[in-house]
Amino acid sequence: MEKSNIVFIGKKPVNNYVLACMTLIKSGHNEVVVKARGRNISHAVNVVEVLRNRYLPDAEVADIKIGTESIKGGDGPTNVSTIDIHVKAKA
C-alpha cells in the first residue's frame, strides 16, 4: 500500500502542518499535496509559504486546484470552497 502524501489543513498552528510536510518530504516523497476547505484555505496558503520561504527555498508550487464541494447539512446543501496545492521539492 502506497503511503499518502496529503496534508489536510485544520485549525492547528501553521508550524504543525509545515512539520508534517517536511516529514513527508524527508521520508521520500518528492511532492506533497496541501488540502483545505472553507476558512482554512488562507491557513493552507500560509503553510506553503512558510515551507517555501523558511525551510525549502528550492521547492516550487507545481499546481493549484480550486473547486467547490456540496455538503449536506440540517439546513440543506451548502457549498464550500476547496483548494489543493501541490508542492514539489527538488531532490
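In the predicted model, Val34 touches Val7, Ile9, Cys21, Ala44, Val48, Ile83, Asp84 and Ile85, when residues up to four places away in sequence are left out of the count. Val34 also belongs to the largest nonpolar core, a set of 23 residues in which Ile9 and Val34 touch the most other members. Two or more residues of this core are supplied by each of the elements α1 (14–26), β2 (31–37), α2 (41–55) and β4 (76–88). In soluble globular proteins, nonpolar side chains tend to be buried together.

The elements that surround this core can be placed within the overall fold. The secondary structure comprises two helices and four strands, and these follow one another along the sequence in the pattern β-α-β-α-β-β. The C-alpha trace extends over about 45 × 30 × 20 Å along its principal axes. Of the 91 residues of the protein, 35% count as buried, and among the contacts between residues at least 6 apart in sequence, 65% join residues that are at least 24 apart. The protein exposes about 6,200 Å², of which carbon and sulfur atoms supply 50%.

With regard to charge, the protein carries 13 positive and 9 negative side chains, and the centres of these two sets lie 5 Å apart. Three salt bridges are present in the structure. One of them joins Asp84, which is also among the residues touched by Val34, to Lys35, with the closest N and O atoms 3.9 Å apart. This pair links distant parts of the chain, since Asp84 lies in strand β4 and Lys35 in strand β2, 49 residues apart. The two partners differ in their classification: Asp84 has a relative accessible area of 19% and is therefore buried, the limit for that class being under 20%, whereas Lys35, at 25% relative accessibility, counts as partly exposed.

A salt bridge is also formed by Arg37 and Glu69, whose closest N and O atoms are 3.0 Å apart. Here again distant parts of the chain are linked, with Arg37 in strand β2 and Glu69 in strand β3 (residues 60–73), 32 residues apart. Arg37 counts as partly exposed at 42% relative accessibility, and Glu69 likewise counts as partly exposed, at 35%.

A further salt bridge, in which the side chains of Arg52 and Glu49 meet at 2.8 Å from N to O, has its two partners within a single element. Both Arg52 and Glu49 lie in helix α2, where they are three residues apart, a spacing of about one turn of the helix. Arg52 has a relative accessibility of 26% and so counts as partly exposed, and Glu49, at 31%, is placed in the partly exposed class as well.

Strand β3, which contains Glu69, also contains Glu60, a residue that counts as partly exposed at 38% relative accessibility. Glu60 touches His86, Val87, Lys88 and Lys90, again without counting residues up to four places away in sequence. For one of these residues the separation is also available in space: Glu60 and Val87 are 27 residues apart in sequence, while their C-alpha atoms are 5.7 Å apart.

Technical notes: Residues numbered from 1 in each chain as written. Predicted model: local features only at pLDDT ≥ 70, side-chain atom pairs only at ≥ 80, totals over all residues. Heavy atoms only, no water. Buried < 20%, exposed > 50% of the residue type's maximum accessible area, 1.4 Å probe, protein only. Contact = heavy atoms within 4.5 Å. Areas by Shrake-Rupley, 256 points an atom, 1.4 Å probe, with all protein chains shown as cover. Lys, Arg positive; Asp, Glu negative; His and termini not counted. Charge placed at Lys NZ, Arg CZ, Asp CG, Glu CD. Core = buried A, V, L, I, M, F, W, Y, C linked by side-chain atoms within 4.5 Å. Salt bridge = Lys/Arg side-chain N within 4 Å of Asp/Glu carboxyl O.
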